[in-house]
Structure formats: C-alpha cells, structure tokens
Amino acid sequence: MSLFWALFALGLAFGIAARLGRFCLLRGLRQWLGKDADESTGRAPALQAFALALAVALLASQGLQLAGLIDLSQAGAARPSFSLLGTLLGGAVFGVGMVLARACGARSLVLLAGGNLRSLVTLVFLALGAQISMTGVLTPLRLWLQTLTPAALPQATLTAYLQSAYSLGSTSTAAIILIASALLLIYALLRPALRQNPLQLVCALCIGLLVAAGWWITAHIDVDPFEPAKLSSLSFVGPVAESLLYLQLSVGRELGMGSALVAGVLCGALVAALASGSARWEGFDSTTRLAASAGGGLLMGIGGVLAAGCSIGQGLTGLSTLAFASFVATAGIVTGALAALSFQRRA
C-alpha cells in the first residue's frame with residue numbers, strides 16, 4: 001500500500017469514528033461549562049471522550065517508541081526551538097476561532113460530509129487564513145511573532161528531557177507514561193457519563209489508536225532512506241489549506257499527502273452520516289452566523305499556522321509525543337476557547 005492510500009484509509013477511519021462518536025474538544029468544553037442545556041448537569045462526556053482518546057494515543061504512541069518502531073523525536077510537533085509567546089498566542093487565536101465557528105477544522109470536515117454548508121464556509125476561510133499566514137500578506141507578522149520569547153530547549157519532548165537530564169531508563173520513562181495515562185483514564189471513566197455511551201467510548205478508543213497508526217504509517221510506508229520525512233499523524237490546518245490550494249492550482253502540482261487525509265475524512269464521515277441517517281442539508285439562519293463561521297475559520301487558519309497545529313494536531317496528536325511545544329499550543333487553544341465561551345455566556 002502506498003503512503004497516499006494509507007493516509008486515505010487513516011482519514012477514512014477517523015471520519016467514521018469522529019462522526020459516529022461526535023468527537024469534539026469544543027463540545028466537551030461547552031459541556032464542562034454547562035453551555036449545552038441538555039447536558040448541563042456537570043457531566044462532560046465529550047471531554048471525557050477526548051481524555052480517553054488522548055490516553056490511548058499516549059500509550060500507543062509511546063509504546064511504539066519504546067519498542068523501537070518509531071522515533072517521535074522526528075515528529076513535526078517535536079520542536080526544540082519555538083516561540084513561547086507565538087505558540088501560545090496562536091493557540092489562543094485558534095481557540096477563539098473554534099468557538100466562533102462552533103467547530104474546529106476536523107469537526108468542520110466531518111460536519112460538511114453530512115451536508116452542513118456552514119462548515120464549508122468555515123473550511124474555506126480556514127484555508128484562506130492558513131495560506132495568508134504561511135505565504136501571504138501575514139507572513140511578516142507571523143515571522144515576527146515567532147521571534148518573540150524564543151525557547152531553545154536541549155530536548156523537544158518531556159521523555160527525552162527526563163532521560164537526558166536525569167539519566168532515566170526505559171523502565172522509569174514507561175512508568176511516567178503509565179501514570180500520565182492513568183490520570184487521563186481516571187478522568188475519562190470515573191464518572192459514568194462516557195461509560196453510559198458505548199458508541200462514543202469505542203469511537204474515542206479508535207481515534208486514540210489512529211493517532212499512533214499515523215506515526216507508524218509515516219515511519220514505515222514509502223520512506224526514502226536518504227531523505228526521511230518528518231513523522232506526521234492526524235492534523236488538519238495544513239492539510240485543509242493544501243487541499244483547497246490543490247483544487248485551484250492542480251496543474252503541474254502533485255497531490256499532497258495531507259489531501260489524502262482530508263479526502264479520507266470526508267469519505268468516512270459521509271459513509272457514517274448516511275449509515276446513521278444523520279445526513280441532511282443545513283445552512284445559515286442569519287447573516288450574523290455566516291460572519292461568525294467565516295471569521296472563526298479565518299482565525300483558526302491564522303492561529304493554527306502560528307501554533308503549528310489545531311485542537312487535534314496539537315491537542316491530541318502533538319500531546320501524544322509529549323512535546324513541550326504541544327503543551328504550550330494546547331494550553332493556548334483551551335485558554336482561548338474557554339475565554340470565548342465565558343464571554344459568550346456573559347453577553
């Protein structure tokens with residue numbers, strides 16, 4: 001199997017699981033704050049599902065690392081040098097945009113496959129925001145922000161740092177990973193809300209395993225021994241921007257691997273939507289909602305490039321590597337989303 005089709009299959013599985021399990025960090029944060037009227041009892045099953053997926057992704061990814069099957073220091077999220085302020089600010093901008101659009105990039109793909117045209121607007125503006133930040137008019141601003149409060153770390157990940165600074169062996173490292181995973185599992189499963197929804201629980205388990213599968217796929221399929229590429233897994237800001245650019249400028253360009261992932265997610269979510277009977281056309285009920293979807297998408301594209309990832313790319317995939325940059329980006333995403341949700345609550 002080629003890398004293209006392997007990533008398509010990865011996206012296909014993610015699209016099915018994310019659609020059937022309604023997997024969404026924003027939805028979990030809203031439940032945690034009591035924003036959803038039907039789930040304002042202090043339960044947050046969607047947040048518990050995200051914690052479960054993260055625990056599984058962490059265990060599986062680090063297990064592959066300890067087994068010598070992958071090298072997470074080669075992951076794109078594992079950056080020893082990054083801007084603390086730029087990454088934190090980028091995450092916060094992404095989090096605010098996620099609240100405005102009412103979905104992150106991954107969730108927007110899943111919703112679009114089921115007929116939600118609001119998500120189409122969000123994705124188009126997300127791609128626009130990413131492009132103007134990567135190579136467009138906002139590139140000088142991004143480059144300037146990335147020079148502020150630079151962090152140059154001896155190691156890019158927490159496990160590598162502990163092994164280097166304290167000479168920890170694989171047994172001690174494994175114990176730390178097990179403790180972190182156990183804490184996530186306790187949060188995910190201690191309250192009955194997630195356990196009472198077996199489908200959501202199974203889908204979260206699958207998504208966690210898919211993160212590790214992504215690392216393995218990019219480490220072993222179609223690898224050039226002379227120019228090995230960075231490892232990657234589930235992440236959506238760059239791939240969505242790449243896919244839209246390919247639709248416009250396909251002549252003379254190769255179809256990127258990110259586009260394979262995006263196409264897989266759309267196909268998988270469409271299959272799940274049709275199978276579950278949840279597919280239906282949805283549009284805007286007001287111009288205010290249209291503006292919010294467009295503005296939210298634009299902020300997610302800009303913030304996602306600055307933070308080098310999204311709520312999935314950093315908050316799930318990146319954290320499975322225990323990269324320091326991912327901790328900072330995720331903190332920014334959660335802080336920005338909570339601040340925006342709290343503002344909406346008071347408004």
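**Overall shape and annotated spans of a predicted model**

With 347 residues, the protein would be expected, if it were a compact globule, to have a radius of gyration near 20 Å, and the value of 19 Å computed for it agrees with that expectation. The model is a predicted one, and its chain contains 16 helices together with two strands. Along the principal axes, the C-alpha atoms of the protein fill a box of roughly 60 × 55 × 45 Å.

**Packing and contacts**

- Of the 347 residues in the protein, 49% are buried.
- Among contacts in the protein with a separation of 6 or more, 80% are accounted for by residues that stand 24 or more positions apart in the chain.

**Surface and charge**

- The protein has an accessible surface of about 15,400 Å², and carbon and sulfur atoms hold 68% of that area.
- The protein carries 19 positive and 11 negative charges, and the mean positions of these two groups lie 14 Å apart.

**Annotated transmembrane regions**

- According to an unreviewed UniProt entry, the feature "transmembrane region" is placed at residues 46-70, 82-101, 121-145, 165-187, 199-219, 255-275, 296-316 and 322-343.
- One of these annotated spans, residues 82-101, is 90% helix and 10% strand in the model, with its end C-alpha atoms 28 Å apart.
- Another of the annotated spans, residues 121-145, is 84% helix and 0% strand, and the C-alpha atoms at its ends are separated by 27 Å.

Notes
Residues are numbered from 1 along each chain as its sequence is written. This is a predicted model: local features need pLDDT of at least 70, side-chain atom pairs count only at pLDDT 80 or more; totals for chains, interfaces and linings use all residues. Side-chain values use heavy atoms; hydrogens and water are left out. Helices (H or I, at least four residues) and strands (E, at least two) are DSSP runs, numbered from the N terminus. The radius of gyration is taken over C-alpha atoms; the globule rule is 2.2 Å times the number of residues to the power 0.38. Buried means under 20% relative accessible area, exposed over 50%, partly exposed in between (1.4 Å probe, protein chains only). Contact means heavy atoms within 4.5 Å. Accessible areas come from the Shrake-Rupley method with a 1.4 Å probe; for residues, only the protein chains shown count as cover. Lys and Arg count as positive and Asp and Glu as negative; His and the chain ends are not counted. The place of a charge is taken as NZ of Lys, CZ of Arg, CG of Asp or CD of Glu. UniProt positions are given in the numbering used here, feature names are shortened, and annotations may be inferred rather than shown by experiment.
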